[in-house]
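Visitor: I am new to this structure and would like to be shown around. Could you take my questions one at a time?

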Amino acid sequence: METDATTAVTPQSWGQIKDGARIEETRHGWSAGATELASRMTPLIILGSGPHAREMADIVAQINRHVPTWDLLGYLVPVSQSDQRGKSLIGDHCCLGTYDALDEFADARLAWSFGCLSPTFPRERVINLVSPSAFVASTAQLGTGCVIYPGCFVGHDAEIGDRLFALPGATINHDDVLGDDVTMASSATLAGQVTVGDGCYLGQSCTVRQELRIGPGAMIGMGAVVISDVSPKSVMVGNPARHLRDRDDGG
Ligand SMILES: CC(C)(COP(=O)(O)OP(=O)(O)OC[C@H]1O[C@@H](n2cnc3c(N)ncnc32)[C@H](O)[C@@H]1OP(=O)(O)O)[C@@H](O)C(=O)NCCC(=O)NCCS
């Protein structure tokens with residue numbers, strides 16, 4: 001059977017496999033002894049190796065506890081981190097090599113982690129990784145390569161571009177429109193109908209009032225309360241948020 005994120009193992013077939021195979025649950029998901037099960041799961045590689053990449057392995061395990069879906073092979077890292085090859089990063093999952101080795105794992109799908117460097121990975125292989133404890137409305141649209149941590153909320157008719165990285169408790173309300181490469185730190189909150197441009201960084205626990213526009217590349221400081229539109233590349237802080245400086249290439 002061809003496996004895919006959507007057609008992989010259903011709860012029903014999982015029950016049948018579970019009866020017929022010895023499956024051990026570990027904190028890293030379903031593992032040793034489940035050869036048959038593993039053959040039905042889709043191979044997955046996480047790109048990057050930082051703390052967020054390791055947390056993503058736990059999100060994969062969370063997903064697998066609900067519906068065994070991903071056979072996590074390990075991590076690939078930028079060439080600059082080639083010394084990590086073979087090192088265990090979390091549990092049984094180790095660094096498989098550098099991005100150059102991507103073709104050796106042609107069947108594997110790919111999950112981006114925050115700060116992972118190359119935007120040149122084949123888009124058709126990149127997945128969205130959504131924690132089962134996040135709420136994503138059925139009418140919301142996600143691009144590709146989004147990572148949505150536990151406790152996030154994505155409301156009705158929200159439109160999200162590629163590579164959203166949403167840390168725990170981030171809230172994207174109804175009708176919000178986000179560009180590509182937006183990062184939302186923990187508990188960052190957008191009220192409804194907000195537009196966020198490409199490459200924006202929304203700091204921890206910031207709040208943005210409804211219907212505002214956040215220009216591309218803007219950075220909203222932690223705890224800021226944004227009550228008016230934000231110009232591109234502006235760094236905003238405080239309550240009410242004020243312009244601190246423009247965002248330079250250094251972030
Ligand atoms: C907004 C931010 C990028 C500014 O960083 P910076 O340019 O290095 O700013 P500085 O630390 O030099 O501070 C400059 C001034 O802004 C103030 N300031 C900085 N961040 C602030 C914030 N979040 N809220 C209120 N004031 C802030 C400082 O007190 C300082 O004020 P002063 O000039 O009156 O002394 C940073 O503070 C921030 O909030 N980053 C997001 C952090 C975050 O969400 N992390 C999550 C990790 S998962």
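Visitor: Is Asp92 buried, exposed or partly exposed?
Guide: This is a predicted model, and Asp92 sits in the loop between strand 5 and strand 6. Around Asp92 there are 13 other C-beta atoms within 10 Å. A residue is buried at 20 or more such neighbours and exposed at 12 or fewer, so a count of 13 falls in between. Asp92 is therefore partly exposed.

Visitor: How far apart in space are Asp92 and Gly74?
Guide: Along the sequence, 18 residues separate Asp92 and Gly74. In space, going from C-alpha to C-alpha, the separation is 8.3 Å.

Visitor: Which residue of strand 6 stands opposite Ser88?
Guide: Strand 5 and strand 6 (residues 93–98) run antiparallel, joined by two bridges. Across from Ser88, the residue in strand 6 is Cys94.

Visitor: Which strands stand at the edges of the open sheet, and why does one side of each lack a neighbour?
Guide: The sheet holds five strands with mixed pairing, in the order 5-6-4-3-7. At its edges, each strand has a single partner strand, so one side is left without a neighbour in the sheet. These edge strands are strand 5 (88–90) and strand 7 (109–112). From one strand to the next, the twist averages 40°.

Visitor: At about what angle does helix 3 run to strand 4?
Guide: Helix 3 covers residues 51–66 and lies across strand 3, strand 4, strand 5, strand 6 and strand 7. Strand 4 spans residues 70–77, and helix 3 runs to it at about 170°.

Visitor: Asp181 and Glu211 both have a positive phi without being glycine; which is buried and which is exposed?
Guide: Asp181, with phi near 55°, lies in the loop between strand 15 and strand 16. Glu211, with phi of about 70°, lies in the loop between strand 20 and strand 21. Inside 10 Å, Glu211 has 12 C-beta neighbours and so counts as exposed. Asp181 has 20 C-beta neighbours inside 10 Å, so the buried one is Asp181.

Visitor: Which residue in the turn of the hairpin formed by strand 24 and strand 25 has a positive phi?
Guide: Strand 24 (residues 234–237) and strand 25 (residues 242–246) pair in the antiparallel sense over four bridges. One facing pair is Ser234 and Asp246. Four residues lie between the two strands, and the one in the turn with a positive phi, about 90°, is Gly238.

Visitor: What is omega for the peptide bond from Asn239 to Pro240?
Guide: Pro240 belongs to the loop between strand 24 and strand 25. The bond leading from Asn239 to Pro240 is cis, with omega near -5°.

Visitor: How many residues of the shell around the ligand are charged?
Guide: The residues surrounding the ligand include Leu167, Ala185, Gln204, Met219, Val235 and Gly238. Of the shell, seven residues are nonpolar and five are polar. The number of charged residues is none.

Visitor: Over which residues is the pLDDT below 50?
Guide: The protein chain averages a pLDDT of 85, with 82% of the residues at 70 or above. One stretch scores below 50, although in the model it has 53 contacts beyond near neighbours in sequence. Where pLDDT is low, the predicted coordinates should not be read in detail. The stretch to treat this way is residues 1–32.

Notes
Residues numbered from 1 in each chain as written. Predicted model: local features only at pLDDT ≥ 70, side-chain atom pairs only at ≥ 80, totals over all residues. Near = placed C-beta within 6 Å. Nonpolar A, V, L, I, M, F, W, Y, C, P; charged D, E, K, R; others polar. Pairing = 2+ DSSP bridges. Axes fitted to C-alpha atoms, helices over the stretch in contact; angles between N-to-C directions. Contact = placed C-beta atoms within 7 Å. pLDDT = per-residue confidence, 0-100.
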